[in-house]
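Okay, thanks for coming, everyone. I'd like to spend a few minutes on the places where this protein holds its ligands, plus one bit of empty space. Let me put it up on the screen.

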Amino acid sequence: MGKLLKVLSLVLVSLTFVFGTGIDADAKKKKKKIELTEHENAMFDKWEVKPKKRAKAVKDMRKKPKFVGAVKCNGSCHDAYYQAWTKSPHGGTFDLLKPGVRKEAKERVKLDPEKDYTTTPLCLRCHTTGYGQRGGFKPAGSKNKKGKDKSSKIDPEEPNKEQVGCEMCHSVAGGSQLRAVMKSSKGNFTKAETEAYGQRWDYSNVCTRCHTHKNTPFKPEVHDKYKFNFEERKLKVHKIADYWNEDNADQKLEKKDERAKQVGQTEKTPLVIEDFKVNDKGKLKFKKGTKPYNSKKKTFNYK
Ligand code: HEC
Ligand code: HEC
Ligand code: HEC
């Protein structure tokens, strides 16, 4: 009798083990299953995204925005833009913070030409990508709570977050979400569609995050060359003409001209420009109400 009981309980235990874990796994699967909204499905229908691929795309689109870096915009999508950018003024902004570089310009505004400014928060705000924000550039010496090195890797062969990258002009708070939209839609998106996920089209406005901003040492009052004429300067941002080749020819933007006829919300009502300072603890702080994206409410702040 005792033996039978033992066998029975063993069977019972193994049964609950087998079924028990089965039920657990099912419950987990259910929990993870993402329900798409009507709006999301309508968008994916338009872009002809296969139902199987929708959940994965929507996961990135729903997460809070973060900076991903210029290299991620290159990949198989914007090679010519990336290559041109690395040679453009914005692809080399980090290097200006190094000692001995642009001595005369620094002396003119009473900066120390021999000082290393590559970890100075004030300078990093305008000379790198997303400094002080989610996913943004982390200078040498950055550590997490456990003391582990968290500084961004810098590869001189492949400029990335350490420079003023794509996301500083094209995104509100980082490009992670709008990148998912671009990939899903294969470029067939409207301005409104990417704006909802944090792309901005208020180009002439966005430059003033840095140029002529009250916190830049290089103001028009200091020298005429710092005057900012958008139409003139715009032409120097993307000199892509020389960077198309056999390998990236298929990346030409088929919908670009069509999109150019649309007027985005950010063009009608440009976004606010950040006002910021560096506090006593050396932390970059944005003044209340001057952040273009409110991450708590998930809303955009227009001027
Ligand atoms: C508010 C944004 C902002 C901040 C803060 C800022 N810069 Fe800049 N910096 C710019 C812009 C914009 C330019 C380009 C100006 C132009 O060419 O019209 C620039 C240009 C420069 C140049 C080149 C100037 C020249 O004439 O060759 C140097 C060097 C430089 N910055 C160093 C620094 C250092 C060091 C700091 C920190 C002490 C700093 N910047 C802080 C926005 C900023
Ligand atoms: C300094 C700001 C700035 C940076 C940095 C920048 N862009 Fe741009 N980008 C612009 C402006 C301004 C335009 C519009 C140009 C025009 O109208 O002639 C533009 C246009 C584009 C377009 C065409 C969009 C369309 O559909 O009309 C693409 C694609 C693009 N940029 C990709 C990139 C990529 C990729 C990077 C990074 C490797 C990058 N940009 C970095 C300012 C910037
Ligand atoms: C995040 C900060 C930032 C933003 C935003 C930004 N710039 Fe700049 N820009 C810089 C810095 C820093 C330099 C200095 C580069 C240098 O002197 O080598 C610069 C330099 C330039 C230059 C080269 C100046 C010259 O004649 O040598 C042009 C052109 C320019 N920016 C155009 C633009 C335009 C157009 C926009 C908006 C679409 C824009 N920038 C947005 C930081 C920024």
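Quick definition before I start: when I say cavity, I mean a set of grid points, worked out over the protein atoms alone, where a 1.4 Å probe fits but cannot get out. And please keep in mind that this is a predicted model.

So how many cavities of 30 Å³ or more does that rule give? The count is one. Its volume is about 30 Å³. Lining the largest cavity you'll find V172, E195, Q199, T266, L271, F300 and Y302. Sorted by class, that lining comes out as four nonpolar residues, two polar and one charged.

Right, on to the ligands. Let's take ligand 1, with its iron atom. Which protein residue acts as a donor to the iron atom? That's H127, through NE2, at 2.1 Å, and H127 is the only protein donor there. If you want to find H127 on the screen, look in helix α7, which covers residues 121–127.

Next, ligand 2. There are 19 residues around ligand 2, with H90, C166, C169, H170 and H238 the closest. Now the polar side-chain atoms. H170 puts one 2.8 Å from a nitrogen atom of ligand 2, and H238 has one 2.7 Å from a nitrogen of ligand 2. R259 goes to an oxygen atom of ligand 2 instead, at 3.3 Å. As for elements, α5 (79–87), α8 and α13 (256–260) each give two or more residues to the shell around ligand 2. By class, that shell has eleven nonpolar, five polar and three charged residues.

And then ligand 3. Here 20 residues make up the surroundings, and the closest are H90, R102, C207, C210 and H211. You've heard H90 already, among the closest to ligand 2. What does H90 do at ligand 3? A polar atom of the H90 side chain sits 2.8 Å from a nitrogen atom of ligand 3. H211 also reaches a nitrogen of ligand 3, at 2.9 Å, while R102 has a polar side-chain atom 2.9 Å from an oxygen of ligand 3. The elements giving two or more residues to this shell are α7, α8 (166–170), α11 (203–206) and α12 (230–234). So we're back at α7, the helix with H127 in it. The class split around ligand 3 is twelve nonpolar, four polar and four charged.

That's my tour. Happy to rotate the view if anybody wants another look.

Definitions and conventions:
Residues are numbered from 1 along each chain as its sequence is written. Chains are lettered from A and ligands numbered from 1 in the order in which they are written. This is a predicted model: local features need pLDDT of at least 70, side-chain atom pairs count only at pLDDT 80 or more; totals for chains, interfaces and linings use all residues. Side-chain values use heavy atoms; hydrogens and water are left out. Donors are N, O and S atoms within 2.8 Å of the metal (3.2 Å for Na, K and Ca); water is not among the atoms, so sites may look incomplete. Helices (H or I, at least four residues) and strands (E, at least two) are DSSP runs, numbered from the N terminus. On a 1 Å grid over the protein atoms alone, a cavity is a set of points where a 1.4 Å probe fits but cannot get out, and a pocket is an open set with protein on both sides within 12 Å along at least five of seven lines; lining residues have an atom within 4 Å of a point. Grid points are joined across faces, edges and corners, and a volume is the space filled by probe spheres set on the points. Ala, Val, Leu, Ile, Met, Phe, Trp, Tyr, Cys and Pro count as nonpolar, Asp, Glu, Lys and Arg as charged, and the others, Gly among them, as polar. A residue is near a molecule or strand if one of its heavy atoms lies within 4 Å of it. A polar contact is a pair of N or O atoms within 3.5 Å; within protein, one must be able to donate a hydrogen and the other to accept it, and residues adjacent in sequence count only if both atoms are side-chain atoms.
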